[in-house]
Structures are given as structure tokens and as C-alpha cells.
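Below is a short set of remarks on the model, ordered by topic. Please read them beside the sequence and the coordinates.

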Amino acid sequence: MKELIPNFILDIFRKPDLSKLWSKLWSKQGGRFTSLCDRMTFKNILSLKSLIVLGFVVAVIPLFLAVMYAAFGMRETSALGRTINFQVFEQTKAIRLVLQKTADIERKARLFVLLSDPAVRQPYEQQSYESTRASFKQALSALLKLHVDNKIALLVNELSEKENLIYQQIIGSASENNLKLPVDEAFQGLRESSASLSREFESYVDHEFNELRQQSESLEQGLLIKGAVLLAVSFIFIAILLAIVSQSMRQLNTCIRRLGSRELEEPIDITGPSDLRYLGNRLEWLRTHLMELEVSKQQFMHNVAREIDLPLESIREGAELLANEAAEESSNVRQDIARLLCNNVDKLKTVADELVRYSQINAKPETNRKQTVNMNNLLESVINDFQPRLQAKSISLKKLVRPVEIAGIHDQLRSIIEQLMSNAVKYSPTGGEIRIMLRDSGAQLELEVEDEGPGIDPNERSHVFEPFFRGKTAQPEDNAEGPGLGLAIVREYVTNHQGKVDIIDARQDQHGARIRVQIPLTGKA
């Protein structure tokens, strides 16, 4: 039977000390609890939802405490006010009764003195005097039982002593059949004591109500101070929570902008609530995935260009041999065919070179560092380079330029202007006009280039920035088509500057293409 009992139960019966048993249990369960506590750190528990709940609690609890403090304070003040009002009311009734009995006792005493002759005085006169005096003593006793102020109690005792003095003078003289009338000073002293009691009570009532008013004012000031402190604490906590969330949101915004600008070199690390950090981890995954795609694209483009270059060289050599043989044999047809082959080979070579260039837009991030660029000087430099082409087609240039400086990549900004100018010159008719506008619209740079060519069909505007797209109506006069990557490269460069490029409607009475580039001026240099 003993073998069936677990060892730890036998330990309980054998040894009263449970320390070894506790160590056994803790060795098994304590490790799990410790690992759970390690995982449940404050950093992991903290999330955007918990921050919202915490902010709500932090905002509500001080207000709740302030309301509760105000409620208890008002309750205490109200109870004190009721107590004081009740005491003052009872004491006022007692004081009025005492003053009334004082007047009655004085009147009875004077009447008893007037009837000084025992033969005239009736027996009930002394009985009435004694009854009035007993009522007076009872009123004084009732007033003292109300726990009045010490000064009022002294005045009550003084009033009782003066009444006793009058009584002893009256009754003592009557019993000796030698009545000595009390002097007027005795009654005057009784009235003065009664008046002093009334004044002292009024002063006491004023003092009590002043204390109640001061306590109410003190409670009000305390409420204001404590409420201000609690609100300040709430605002501080809320400001801290907002700062934590705002910092994470700013980091997310910066990271998203970098991803949009294809600045993929710097890793994404978001601090703050756990769910925002999880979102940062997903953005980091997206960044690495985009980098892998970029590397794959560049490798693919290079492979395609390399595979195209070798056959093109062979075709060109064959075309040149064919052209030489045709020249020796004076065969115009064969010469034309050979010339056509050479032209098409050159065109394919240009397409391959542009394809490699397009794939390398973001291939060298160390050369794409932003710096302050004076767009006026850059525009003038590009225009000077295009002067021979403008003069060759007798194209006039109309400029509306305002001073603009922007933080950007110099080579890419120059390529944007060059490509827009190249398209405008290519599609403008001989003797036409190109209009250029450069200005600072407040928050962003605006660059517009407008020509007098055939324009862009509205149905094709959404496709002109796609690689290798060629419109149907927009054909240059010399029929020399490009590879179709110019505007695609412009869009990539503008995107790298967090801007946008659009085809907008031509001005009134115009029909050419009008391209607008907008780039924010707040980029970091």
C-alpha cells in the first residue's frame, strides 16, 4: 500500500516542513511562469489599442477623482451647514425664550414690589411670581443644554445671578414684613445682561456662518487646485501617449515615403506600440522584397541587353558586308536593303542602351544624394544646350521663370528638363513656339513645358508614361521614333522626388502637348 502513495504525499506526513515540497513544485512550474513573464514584457503588451484604452482611463480617472472629491466635499459642507443651521435655530429659539422669560420675570417682580403691602397682596401673586421664575430657570437650563459658547454660558450664569439677587431682595424683605424695594440699578443690570446675551448670540451666529463661508471658500479653492493638478496630470499622460504614437506615425510616414521614393538602402525600424512595430516589420519585409525585385529586374535587363548586343553586332557586320558588295556591284536595291538593316540595327541598339539606362535609375543609391539645386540656373543651362536644335527648326522660346531652389538629385532633375525639352522640340512644327513656366507655388515646385505639336490624345494620357508606349497621333515630323522610354524615365525621376507628372489640357486656342511636373519643396537635402 505504501508503494501506491506518491512520494511527495509521504514527505508531507513524514516531515512537517514543506520547504522541500515547495522547491520541487517550483522547480517544475516556476520555470514556466518565469518564461511566461519574460515573454509578457511591457513592450510586448503595449499596443495601439491598449494605448487608446490607457489614454481614456488616464483622462477619465482624474476627472472621476475630482468629481468624487467635489461630491464628498460638498456633502461634508452640506452636512456641516445643516448642523450649524439646526444648532443656530435651536439656540435662537432658546435665546428668544430666555429673553422673553427675562422680560416676564422683570414684569412679575415689579408687580410684586408694587403690591408691597402684605394686606393688599394676594396669595396667588407670589405663586405666579414663583411660577414665572421657574419658567425662567427652565429656559436658562434648556439654553445651557445646547452646548452654547463659553461667553454665552457666562452671560447666562450672570443673568441667573442677577435674577437671584432681585428675588432674594424681594422675598427676604417680604418674609421679614420689612420689604425693601430693589433699586432700579438691579433691574437695569438685568436688562443689560439680557441685552449683552442677545448681542453676544448675534456675534456668535455671525462667527459660525463666517466660518461656514470660509470653509466653503476653502473647499472651492481646494477643488480648483486639485482639479487643476489632476487635469495637468491627465494632460501630461495624454501628451506622453500622443508623443509615443506620433513618433511611431512619423517613422511610418518617413519609411513609406522612402519606399515610394525607392530609397531602399536604410532598414526600417519602427519603435512604439506593438501593432505599429508589427506594421514596421511588414514594411521591412516589403523593402527587402522590393530590393530583391529591383536586383532581379536589373539582372534581367542586363541579360536581355547582352543577349541582344551579340546578335546585333553580327547582323550589323553582315549588313555592312552586304552594303560593300552592293556598292562594288552597283546594285541600288541591295544598297537600300543593307542601309535599312543598318538603320534598324542602330535603332535596336538605342533601345537596348535605353533599356539598360532605365533599369539603372535606382541602381547606384550613393550617387543619388539630394542637394540644393538652383532650378533657374539648371533650366538656363539645358536651354543653352538645346539652342542648336531650336535654331535648326526656327522654334521660338517663351519663358515665365521665377527663382526656385529645391532639395533634389541634380542629374535626375536635369534629365527631367532635358527629356521634356527634347519631346517639345521633336514634336513642334518648324517655326513653332515652346512655352516654359517655372515657379514656386508655395509648397511645391511647378514646371510646365508646352509645345504647338499635334498634342496627346486624351485616351492615351494614362499610358504615355508607360515604358515603350508610342501614341498614334503624336508622331514627330522626321518620323524618327524613339525607344518610348523618355517619359517613363521622367516619371521615375519625379517619383524619386515624391512628386507627380501629368498631362494637362492645353491653353485656350492651343492644341499642343502640355506637361506639368510638381515636386514638393520640403525634401531633405
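1. The largest cavity. This is a predicted model. Its largest cavity is lined by M375, L413, I416, I417, L445, L447, V517 and I519. The space inside that cavity comes to about 40 Å³. By class, its lining has 8 nonpolar residues, with no polar and no charged ones.

2. Where that lining comes from. Three elements each supply at least two residues to the lining of the largest cavity: helix 12 (410–427), strand 5 (444–450) and strand 7 (514–520). Helix 12 gives the largest share, 3 residues.

3. The second largest cavity. The count of cavities of 30 Å³ or more is 2. The second largest cavity holds about 30 Å³ of space, and its lining consists of I105, E106, A109, Y129, E163, I166, F187 and L190. Helix 4, helix 6 (150–175) and helix 7 (184–260) are the elements that give two or more residues to this lining. The largest share, 3 residues, is from helix 4. Here the classes divide into 6 nonpolar, no polar and 2 charged residues.

4. E163 and its partners. E163, one of the residues lining the second largest cavity, deserves a separate look. The model holds 18 salt bridges. In one of them E163 pairs with R133, with 2.9 Å between the closest N and O atoms. E163 is in helix 6 and R133 in helix 5 (residues 123–144), so that distant parts of the chain, 30 residues apart, are linked by the pair. E163 also forms a salt bridge with K137, where the closest N and O atoms are 3.6 Å apart. Because E163 belongs to helix 6 and K137 to helix 5, this second pair ties together parts 26 residues apart in sequence.

5. Buried or exposed: how do E163, R133 and K137 rate? E163 has a relative accessibility of 1% and therefore counts as buried. R133 is buried as well, at 15% relative accessible area. K137, with 24%, is partly exposed. The cut-off for buried is under 20% relative accessible area, so the 15% of R133 falls within the buried class and the 24% of K137 does not.

6. K399 and E380. The side chains of these two residues meet in a salt bridge, at 2.8 Å from N to O. K399 lies in strand 2 (residues 396–401) and E380 in helix 10 (residues 375–385); the pair links distant parts of the chain, 19 residues apart. K399 is partly exposed at 39% relative accessible area, and E380 is partly exposed at 31%. Elsewhere, E433, R435, E450 and E452 are joined into one network by salt bridges that share partners.

7. A nonpolar surface patch. V53, F56, V57, V60, I61, F64, L65, M68 and F72 make a nonpolar patch of about 830 Å² on the surface. One of its members, M68, is in helix 4 (residues 48–114). What is the exposure class of M68? M68 has a relative accessibility of 31% and so counts as partly exposed. Patch members need over 30% relative accessible area, so M68 passes that limit at 31%.

8. S248 and T271. S248 is a helix 7 residue. At 0% relative accessibility, S248 counts as buried. The C-alpha atoms of S248 and T271 are 6.0 Å apart, while 23 residues separate the two along the chain.

9. Positive phi values. Two residues other than glycine should be checked by eye. S394 has a positive phi, near 55 degrees, and sits in the loop between helix 11 (387–392) and strand 2. S394 is partly exposed, its relative accessibility being 49%. Q498 also has a positive phi near 55 degrees; its place is the loop between helix 13 (486–496) and strand 6 (500–504). With a relative accessible area of 26%, Q498 is partly exposed.

Terms used: Residues numbered from 1 in each chain as written. Predicted model: local features only at pLDDT ≥ 70, side-chain atom pairs only at ≥ 80, totals over all residues. Heavy atoms only, no water. Patch = residues over 30% accessible without salt bridge, like charges linked within 9 Å, V, L, I, M, F, W, Y side chains within 5 Å. Areas by Shrake-Rupley, 256 points an atom, 1.4 Å probe, with all protein chains shown as cover. Salt bridge = Lys/Arg side-chain N within 4 Å of Asp/Glu carboxyl O. Helix = DSSP H or I, 4+ residues; strand = E, 2+ residues; numbered from the N terminus. Buried < 20%, exposed > 50% of the residue type's maximum accessible area, 1.4 Å probe, protein only. 1 Å grid on protein atoms, 1.4 Å probe; cavity = no way out; pocket = protein on both sides within 12 Å on 5 of 7 lines; lining within 4 Å. Points joined across faces, edges and corners; volume = space filled by probe spheres on them. Nonpolar A, V, L, I, M, F, W, Y, C, P; charged D, E, K, R; others polar.
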